[in-house]
Amino acid sequence: MELGLTTFAELYPVGDRPAPSAGQRLREVVEEAVTTERAGLDVYGVGEHHRADFAASAPAVVLAAIAARTERIQLTSAVTVLSSDDPVRVYQDFATLDGLSSGRAELMAGRGSFTESFPLFGYDLGDYDELFEEKLALLLRLREDAPVTWSGKFRAPLRDAVAYPRTDDGPLPVWIAVGGSPESVIRAGLLGLPLALAIIGGQPARFRPLVDLYHRALTEGGHERQPVAVHAHGYVADTDEQAVADFYQPYALAMSTIGRERGWGPMTREHFDASRSQSGSLFVGTPDYVAEKIAAVRDTLGLDRFMLHTSVGTLPHEKVLHNIDLLGAKVAPQIR
């Protein structure tokens with residue numbers, strides 16, 4: 001199973017420290033990705049957001065900076081908000097990244113859990129589902145080695161168009177990222193695309209019916225088995241006490257801030273401890289504990305990839321680097 005990390009380049013205060021500047025945080029992200037490769041891990045992902053508390057509004061640019069400093073690690077968006085973007089430009093950005101990285105680029109397409117990009121780029125949230133369906137169909141057409149003639153509702157038509165540059169080693173890999181929608185899971189399966197599940201609450205085992213649904217849709221669509229990945233929050237430290245001491249305050253700050261926007265209650269220590277339990281969605285603790293939890297979720301869901309999202313609230317850069325080193329040196333060997 002592949003093991004890696006994701007980030008949104010978060011910009012929350014760190015204890016008594018003020019929030020880092022966007023430039024500082026982006027430079028830290030590049031260093032964290034370089035450390036991820038040095039630690040022997042497999043994949044690094046950067047998510048797209050258009051808010052004051054996240055610095056990565058252009059994941060392909062950040063990933064290109066990482067590509068220049070690495071040689072082996074897979075580079076993916078996590079995710080690209082395809083609904084509010086232009087599929088032609090998205091294809092060009094990631095095909096360019098693929099060339100710069102010698103074939104290491106991937107794209108995780110999603111509808112987005114935040115909505116700021118829709119008014120920013122002139123889209124109506126009432127078209128939320130239709131936008132994604134149409135733009136995904138065009139993106140998949142653009143991967144093909146043939147001119148594309150196409151017309152739709154939300155952008156100008158194409159006639160015998162080819163998006164350049166072309167990728168060297170087959171079609172650009174495109175995953176479908178979902179937060180739990182059965183319709184999205186079925187879409188991924190019927191299209192024969194890999195599936196990435198964001199599990200940021202509840203019990204991971206409850207996602208098993210969605211994985212089963214995905215495999216049935218793959219079969220119904222006439223496709224071979226495709227990879228399944230999980231993206232989850234977590235942090236590794238030398239002791240359980242240190243992991244909780246480092247992670248809880250920044251995590252609670254970030255989740256409570258977002259929760260106020262969405263009508264959730266504030267993050268409490270009781271909720272945190274329940275989520276950190278063996279059956280919960282937080283992967284926080286010693287290398288042995290986190291490895292045991294990841295292995296259990298791998299076996300329950302039949303995973304091919306697990307991506308840990310550490311800086312849910314901005315953690316000190318040096319602690320994130322140590323977390324990465326522990327993932328590579330002590331968690332990955334047990335998983336593998």
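**Exercise 1.** In this predicted model, is D246 buried or exposed? Then find its salt-bridge partner and say which parts the pair ties together.

*Solution.* Start with the area: D246 has a relative accessible area of 11%. Buried means under 20%, so D246 is buried. Next, look for the partner: D246 forms a salt bridge with K319, and their closest N and O atoms are 3.3 Å apart. K319 is partly exposed, at 28%. Last, place the two: D246 sits in helix 8 and K319 in helix 11 (residues 317–335), so the bridge links parts that are 73 residues apart in sequence.

**Exercise 2.** Stay with helix 8 and work out where E261 finds its salt-bridge partner.

*Solution.* The partner is R51, with the closest N and O atoms 2.8 Å apart. R51 belongs to the loop between strand 2 (43–46) and helix 2, so this pair ties together parts 210 residues apart in sequence. Now check exposure: E261 is partly exposed at 48%, while R51 is buried at 14%. Finally, widen the view: salt bridges with shared partners join R51, D53, E116 and E261 into one network.

**Exercise 3.** How do helix 2 and helix 3 pack, and which residues meet?

*Solution.* First, take the angle: helix 2 (residues 59–67) and helix 3 (residues 87–100) pack at about 5°, with axes 10 Å apart. Angles under 35 degrees count as roughly parallel, so that is what these two helices are. Then list the contacts: A60, L63, A64 and A67 of helix 2 meet D93, F94, L97 and L100 of helix 3. Sorting these residues gives 7 nonpolar, no polar and 1 charged.

Key. Residues numbered from 1 in each chain as written. Predicted model: local features only at pLDDT ≥ 70, side-chain atom pairs only at ≥ 80, totals over all residues. Heavy atoms only, no water. Axes fitted to C-alpha atoms, helices over the stretch in contact; angles between N-to-C directions. Helix = DSSP H or I, 4+ residues; strand = E, 2+ residues; numbered from the N terminus. Parallel < 35°, antiparallel > 145°, perpendicular 65-115°, else oblique. Contact = heavy atoms within 4.5 Å. Nonpolar A, V, L, I, M, F, W, Y, C, P; charged D, E, K, R; others polar. Salt bridge = Lys/Arg side-chain N within 4 Å of Asp/Glu carboxyl O. Buried < 20%, exposed > 50% of the residue type's maximum accessible area, 1.4 Å probe, protein only.
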